[in-house]
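Please open the model in your viewer and keep the sequence panel visible. The tour below proceeds by selection, one stop after another.

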Amino acid sequence: MGSKQSSFTEEQLEAFQDCTFFTRKEILRLHGRYRELAPHLVPLDYTNNPDVKVPLSLITSMPELKENPFRDRIVEAFSEDGEGNLSFDDFVDLFSALCETSPRELKTIYAFKIYDFNRDDFICPDDLEKTLTKLTKGELTASEVRLVCNKAVEEADLDGDHKLSFSDFENMISKAPDFLSNFHVRI
């Protein structure tokens, strides 16, 4: 029988270890998970850096993501093409940034990208409304959502422009003690 083990060069594995919060064993396990999503697309042999991207629909079907109301936005935030198609590098980046050991600063950067639905580098009231609606699974009325969003902007908007810059968002997150424990994905 042939070997079913992923193969990478030593340099590739070292580079992944240097740029992530994963061990060599965890990187190989991640590759196994990535390959399980699309065995017809993803080769076992990665020594030649194949140009492969797994589509958003397959990534968001993973048990780790499928119940998350932000699954599409999470994947899109990590995809180089912005459409949610992930290369193996993108896949590793996603799970590294959202692992329990990644630092608050990195998680804050990606949380901002995820909540910035219109991708204008600000979290505006519309972005907050979409975020709150996803978080509450539609249990609030439209006027309740607007009220909560207006209050959040009022409290977090430090420069009075009625939207949250990254700096405003970072300041707000620094006051949320459970952000780190809630903003992660286990794989």
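Begin at the surface of this predicted model by selecting E80, D81, E83, D89 and D93, which gather there in a patch of negative charge. Within this selection, centre the view on D89, which is placed in helix α5, residues 88-97. D89 counts as partly exposed because its relative accessibility is 44%.

Next, select S87, in the loop between α4 (71-78) and α5. Is S87 buried or exposed? With a relative accessible area of 14%, S87 falls under the 20% limit and is therefore buried. Add D90 to the selection and display the backbone: a polar atom of the S87 side chain lies 3.1 Å from the backbone nitrogen of D90.

**The whole chain**

Zoom out and colour by secondary structure. The protein chain has 10 helices and zero strands, and its pattern along the sequence reads α-α-α-α-α-α-α-α-α-α. Taken along the principal axes, the C-alpha atoms fill a box of roughly 65 × 30 × 25 Å. The protein chain has 187 residues, of which 41% count as buried.

**Salt bridges**

How many salt bridges does the count come to? The count comes to eight, and three of them are visited here.

Select E10 and R24, whose side chains meet in a salt bridge with an N to O distance of 3.1 Å. This pair links distant parts of the chain, E10 being in helix α1 (residues 10-19) and R24 in helix α2 (residues 24-37), 14 residues apart. E10 is partly exposed, at 42% relative accessibility. R24 is also partly exposed, with a relative accessible area of 29%.

Move along to R33 and E64, where the side chains form a salt bridge at 2.6 Å, N to O. Here too the pair links distant parts of the chain: R33 belongs to helix α2, whereas E64 is in the loop between α3 (56-59) and α4, and the two are 31 residues apart. Are R33 and E64 buried or exposed? Both R33 and E64 are buried. Now add E36 to the selection, and a network of salt bridges linking R33, E36 and E64 comes into view.

For the third pair, select R186 and E100. The closest N and O atoms of this salt bridge are 2.7 Å apart. R186 is in the segment after α10 (179-182) and E100 is in the loop between α5 and α6, so that distant parts of the chain, 86 residues apart, are linked. R186 is exposed, with a relative accessible area of 55%.

**Two loop residues with positive phi**

Select R119, in the loop between α6 (104-115) and α7 (125-135). Although R119 is not a glycine, it has a positive phi of about 55°. Its relative accessible area of 46% makes R119 partly exposed.

Finish at H162, which is placed in the loop between α8 (142-156) and α9 (166-174). H162 likewise is not a glycine, yet its phi is positive, at about 65°. Which class of accessibility does H162 fall into? H162 counts as exposed because its relative accessibility is 58%, over the 50% limit for that class.

Methods
Residues are numbered from 1 along each chain as its sequence is written. This is a predicted model: local features need pLDDT of at least 70, side-chain atom pairs count only at pLDDT 80 or more; totals for chains, interfaces and linings use all residues. Side-chain values use heavy atoms; hydrogens and water are left out. Patches are made of residues with over 30% relative accessible area and no salt bridge: like charges are joined within 9 Å, nonpolar side chains (Val, Leu, Ile, Met, Phe, Trp, Tyr) within 5 Å. Accessible areas come from the Shrake-Rupley method with a 1.4 Å probe; for residues, only the protein chains shown count as cover. A salt bridge is a side-chain nitrogen of Lys or Arg within 4 Å of a carboxyl oxygen of Asp or Glu. Lys and Arg count as positive and Asp and Glu as negative; His and the chain ends are not counted. The place of a charge is taken as NZ of Lys, CZ of Arg, CG of Asp or CD of Glu. Helices (H or I, at least four residues) and strands (E, at least two) are DSSP runs, numbered from the N terminus. Buried means under 20% relative accessible area, exposed over 50%, partly exposed in between (1.4 Å probe, protein chains only). A polar contact is a pair of N or O atoms within 3.5 Å; within protein, one must be able to donate a hydrogen and the other to accept it, and residues adjacent in sequence count only if both atoms are side-chain atoms.
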